[in-house]
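Please open the model in your viewer and keep the selection tool at hand, since the tour below moves from one selection to the next. Each stop names what to pick and then describes what is found there.

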Amino acid sequence: MNEVKNGATMTTESAPQKPVSRPPIRHFQIPLTLGGKLYVWRFLIARRLVQIGVLILFIGTAHWGWTLFNQPVLSGDLSSSRFLGVIPLSDPFAVLQIIASRHMPIFDAFLGAAIVFLFYLLLGGRVFCSWLCPVNMVTDLANWLREKVGVRSLFIVPAKTRYWGLLLALILSFILGVAAFEWISPIAVMHRELIFGMGIGLIAVLGIFIFDLLIMAHGWCGHLCPLGAFWSIVGRVGQVRVAFDDAACSRCGDCVKVCPEPLVLNFKEAARHGMIRFGECTNCGKCVSICPEQCLSFNLRACIRKGAEPSQTTHNSSS
Ligand code: SF4
Ligand code: SF4
Ligand code: SF4
C-alpha cells in the first residue's frame, strides 16, 4: 500500500468504509519535448515573469522615469507605492505595525492597504509570496539546490512558528513605537536595494539563502517569515484555490514532494472540501504542474464542489 505523508497516510487506516478504487500509481515523468517541458514549467515561468516584471516597472520608474498617461508607472517600493501616480498601494502588514506602534497612518496608506488586501483576498493571500515577493526567488533557488545536492535539515521548527513571529512583530512595534519588522524585513530590504541600489542590507538576503540551503528546508518562507504568516491568515478565505479531484488521485505522493508547504497537502481534508483549503498554500502551481493524473487545478472557491468523506483505498489491479 502506498504511503506518503499527511493525509495520504489515512489510506491505510482500517475504518469500516467502502473501498475506493483508485487509478494505478504512476509517478510524474518530465516530458522529453521542449513543448512538454514548457507546459510543465508554465506556472514557474509565469511567476518569474510577474516577479521580475513588477521589479522592472519599479526600477524603470525610479531610474528612467517611465510614464504612462503622463504619470509615473509604479513609484515607491513593495511597502508603499503608487500606480500611475494616483492609485496608492501599501503593505497591509506594514500599516498594521504602524497602528500597533501607536502612530496613525495617513489616509492614503489606509486606502492603499485596503486595495492590496482586497486584491490578495480574492487571489489567495500567499499569492503575494510565490508570485510577487522577490525573496521567493532566493528561497526557491536555495531549496532547489539543497535537493540537488541532497542537504539534510540540521533542525526543524514547527511551521506555526511564523505566527509567533507575526505576534512578536506587533508587540515590538508597540513597545518600540516603530514598525518593527519593517526595519529588518529582508523583503523590504531586498526590494528597496534592487530598485535603488545594492547595499549592506542584502547580507540579510544572503543569510536567508544560506539558512534555507544548509540549515532548514523551506526554513524562512515555510516556517519563520511574519509577512508570510500574515498572508497565510488572509489566504484562509482566498477565493482562488487549488481544486482536488479525490477519485482521480492515485496517492502517488509526487505533489507532496514538490510542495514548499507540504503540510497543506492533506488528502483527507482536500477530499472532504474538494480543494486545498489551508491558507499557507501559496498557489505556486507546482503540484498542479506535476500531478500525473491531472487531479489538481486552479479554480474559484465558489465553483468547487465539496467531496464526500474519503474512503478506504484500493488501487486498480494493474498497479
Ligand atoms: S514567506 Fe515572506 S519572504 Fe517568503 S515569499 Fe512570503 S513574504 Fe516573501
Ligand atoms: S494529487 Fe496527483 S500528484 Fe498528488 S498524490 Fe494524487 S495523483 Fe499523485
Ligand atoms: S499545495 Fe500546490 S499550489 Fe499550494 S503551495 Fe503546495 S505546491 Fe504550491
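The tour begins with the whole chain and its confidence, then visits the cores, two enclosed elements, two loop and helix positions, and the ligand surroundings.

Begin by colouring the protein chain by pLDDT, bearing in mind that this is a predicted model. The mean pLDDT of the chain is 88, and 90% of its residues reach 70 or more. Among the elements, helix H7 (residues 161–176) has the highest mean pLDDT, at 97, whereas strand S9 (residues 313–315) has the lowest, at 57. Next select residues 1–15, where pLDDT stays under 50, although the model has 34 contacts for them beyond four places in sequence. Where pLDDT is low, the predicted coordinates should not be read in detail.

Switch now to a cartoon view of the full chain, which has 15 helices and nine strands. Of its 319 residues, 39% count as buried. Among contacts between residues at least 6 apart in sequence, 75% join residues at least 24 apart.

For the next stop, select Tyr120, Phe128, Val135, Ile187, Leu227, Phe230 and Trp231, which touch the most other members of the largest nonpolar core, a set of 40 residues. If residues up to four places away in sequence are left aside, Phe128 touches Tyr120, Cys133 and Trp231. Apart from this core lies another, of 18 residues, with Cys259, Val264, Leu265 and Phe267 among them.

Helix H12 (residues 226–235) can be selected next; nine of its 10 residues are buried, so the helix is largely enclosed by the rest of the structure. The buried residues of H12 are Pro226, Leu227, Gly228, Ala229, Phe230, Trp231, Ser232, Val234 and Gly235. Leu227, Phe230 and Trp231 have already appeared at the previous stop, being among the core residues that touch the most other members.

Move on to strand S7 (residues 240–244), which is likewise largely enclosed by the rest of the structure, because four of its five residues are buried. Adding strand S8 (residues 296–300) to the selection shows an antiparallel pair joined by five bridges. Within this pair, the bridge partner of Arg241 is Asn299 in S8.

Return to helix H7 and pick out Ile171, which lies in it. Is Ile171 buried or exposed? Ile171 has 12 other C-beta atoms within 10 Å, and therefore counts as exposed. A distance drawn from the C-alpha atom of Ile171 to that of Ala100, 71 residues apart along the chain, comes to 7.5 Å.

From there, select the loop between helix H6 (135–149) and H7, where Ile156 is found. Ile156 counts as partly exposed because it has 14 C-beta neighbours inside 10 Å. The C-alpha atoms of Ile156 and His218 are separated by 9.7 Å, while the two residues are 62 apart along the chain.

The last two stops are at ligands. Which residues surround ligand 2? They are Cys249, Ser250, Arg251, Cys252, Gly253, Asp254, Cys255, Cys291, Pro292, Glu293, Cys295 and Leu296. This shell divides into seven nonpolar, two polar and three charged residues.

Finally, centre the view on ligand 3, which has 15 residues around it, of which Cys259, Cys281, Cys284, Lys286 and Cys287 come nearest. The shell around ligand 3 consists of 10 nonpolar, three polar and two charged residues. Cys259 also links this stop with an earlier one, as it belongs to the core of 18 residues.

Methods. Residues are numbered from 1 along each chain as its sequence is written. Chains are lettered from A and ligands numbered from 1 in the order in which they are written. This is a predicted model: local features need pLDDT of at least 70, side-chain atom pairs count only at pLDDT 80 or more; totals for chains, interfaces and linings use all residues. A residue is near a molecule or strand if its C-beta atom, placed from the backbone, lies within 6 Å of it. Ala, Val, Leu, Ile, Met, Phe, Trp, Tyr, Cys and Pro count as nonpolar, Asp, Glu, Lys and Arg as charged, and the others, Gly among them, as polar. pLDDT is the predictor's confidence in each residue, from 0 to 100. Helices (H or I, at least four residues) and strands (E, at least two) are DSSP runs, numbered from the N terminus. Two residues are in contact if their C-beta atoms, placed from the backbone, lie within 7 Å. A nonpolar core is a set of buried Ala, Val, Leu, Ile, Met, Phe, Trp, Tyr and Cys residues joined through C-beta atoms within 7 Å. A residue is buried if 20 or more other C-beta atoms lie within 10 Å of its own, exposed if 12 or fewer, and partly exposed in between; C-beta atoms are placed from the backbone. Two strands pair if DSSP finds at least two bridges between them.
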